[in-house]
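Good morning, colleagues. I should like to take you through a few features of one model, beginning with a pocket and ending with a helix.

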Amino acid sequence: MVENIISTPPVMKLSKMRWVMVGMAFLATVLNYVHRLSFNYLSAEGELRKLIPDDAFGYIGTAFFVAYMISNAFSGFLIDRLGTRIGYSLCMAFWTTAGLVHAFAVTPLQFGVCRFMLGIGEAGNWPAAIKLTTEWFPAHERSTASGIFNSGSALGAVIVPPLVAYLGISYGWQSTFIILALCGYLWLVIFWFIYYTPKETEVKVKTFTIPPLKLLKTRFVIMFTLSKTFMDPVWYFVTFWIGRYLVDVHHLELKQIGWLAVIPFLIADVGNLAGGYFTQFIIARGVPIPRARKIAVTVAGMIMSLPLLAGPFVISTPISALIVFGLAGFGYTAYTANSLAFPADVVPKNAAASVWGMACVGTGLGGAVFQSVSGIVLKNYATDMGYDYAYSILFMGFGVIALVGLAIMLFFMGPLVRNEALHRYAQTGENS
């Protein structure tokens, strides 16, 4: 039995510092996405596009998600064991260094290795941020806090197109990776010196680390993981393929993409805040927290899926395509603002990061499979039928898998209520 440093205080004193801390998680998430997406835009055209064809691009994306899947299997437990300050700092240092090494890659294989290492480091951002919000925010504020830090993903996606276009055109792709890495190291220094665990969540009673196998035996963890296998790849279709889509179907150049690709991510960014606030709003009007979460993800899941299913029939211009991408992104971020709060609703605080990490194994698995499938679809259909037809298949396919993930969440995951057996184990170390 191993003692952990997190307990569940009867009352959480609300400190204004909680907004500073969630602000740091927000900035980390911005940097996470800046590092994640910069390669996708830099390789959409020009020198890197010549080196990396569509199928290779899909396989490189798969390398990232295989690493993401592997890392999520242990990153949450590592962060729960090391604590937020050390765990978050290690994740940032690892993925920032992996981003820096991109500057020295020259072949698809080398880029695949770099993306693999990036995936290992970046997976830890969400378990660490969830642990941070669990330490600093009470239950009724967590969906809002989660929406705030997770809005960094959409804002990072907003920043990347114009930033990468400017840096890539002005300084070249190698220097772009170096400059972005310096920003990550700056965050690391600031976070290391300001973060602390609030006194209200420091140890007051002994708590016990819950073994991974015990968590995996719960219906909630299994079905949450399975749902993310289908839900999360939709977002990665939007973020990873939009640059190539605009080049292939609408024949835009990097300079044009740098400004137009901002549109869907501005729309998506609103979803983080709207999704979190919507849940808090209906909770304040008497809807129980578990039911409020399910209502919110249902609305968000439909907003994610329906525009993609309709995409092949309504897209006629680059702007209409960007709106479809944006609505799908809005739905995804609104869903994520609520799903990030799921673990803390069900499991003890000292297992929240672990559960999110385990569930994100599904993210990595789905991302790896559907990134490869996307590249294969484009390679096999674009030549004979045209890129417009090939991407139409992808739009509809991702719309369908979003509905599959939502159905698993609604009908198989069970109620989002406190798991008494796990909480009892955390306090006594004994099985019920």
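Please turn first to three helices: H3 (54–82), H4 (84–101) and H5 (108–122) each supply at least two residues of the lining of the second largest pocket. I should state at once that this is a predicted model.

Of these helices, H3 gives the most to that lining, with 6 residues. The lining comprises 13 residues in total, and those that lie nearest the centre of the pocket are Phe74, Leu78, Leu90, Cys91 and Ile120. The volume of this second largest pocket is about 150 Å³. What is the make-up of its lining by class? There are 8 nonpolar and 5 polar residues, and no charged residues.

Let me move to the nonpolar interior. The largest nonpolar core has 125 residues, and the members that touch the most others are Tyr41, Tyr88, Trp187, Phe220, Tyr245 and Phe395. Helix H10, residues 219–248, contributes the largest share of this core, 15 residues.

One of those members, Trp187, merits a closer look. Which residues does Trp187 touch, leaving aside those up to four places away in sequence? They are Met24, Leu27, Ala28, Leu31, Tyr88 and Met92.

Finally, I turn to helix H16, which covers residues 352–385 and has 34 residues. From its first C-alpha to its last, H16 reaches 47 Å, close to the 50 Å expected at 1.5 Å a residue. Just after H16 comes Gly386, with a positive phi of about 100 degrees.

Thank you for your attention.

How values were computed:
Residues numbered from 1 in each chain as written. Predicted model: local features only at pLDDT ≥ 70, side-chain atom pairs only at ≥ 80, totals over all residues. Heavy atoms only, no water. Core = buried A, V, L, I, M, F, W, Y, C linked by side-chain atoms within 4.5 Å. Buried < 20%, exposed > 50% of the residue type's maximum accessible area, 1.4 Å probe, protein only. Helix = DSSP H or I, 4+ residues; strand = E, 2+ residues; numbered from the N terminus. Contact = heavy atoms within 4.5 Å. 1 Å grid on protein atoms, 1.4 Å probe; cavity = no way out; pocket = protein on both sides within 12 Å on 5 of 7 lines; lining within 4 Å. Points joined across faces, edges and corners; volume = space filled by probe spheres on them. Nonpolar A, V, L, I, M, F, W, Y, C, P; charged D, E, K, R; others polar. Expected span 1.5 Å × (residues − 1).
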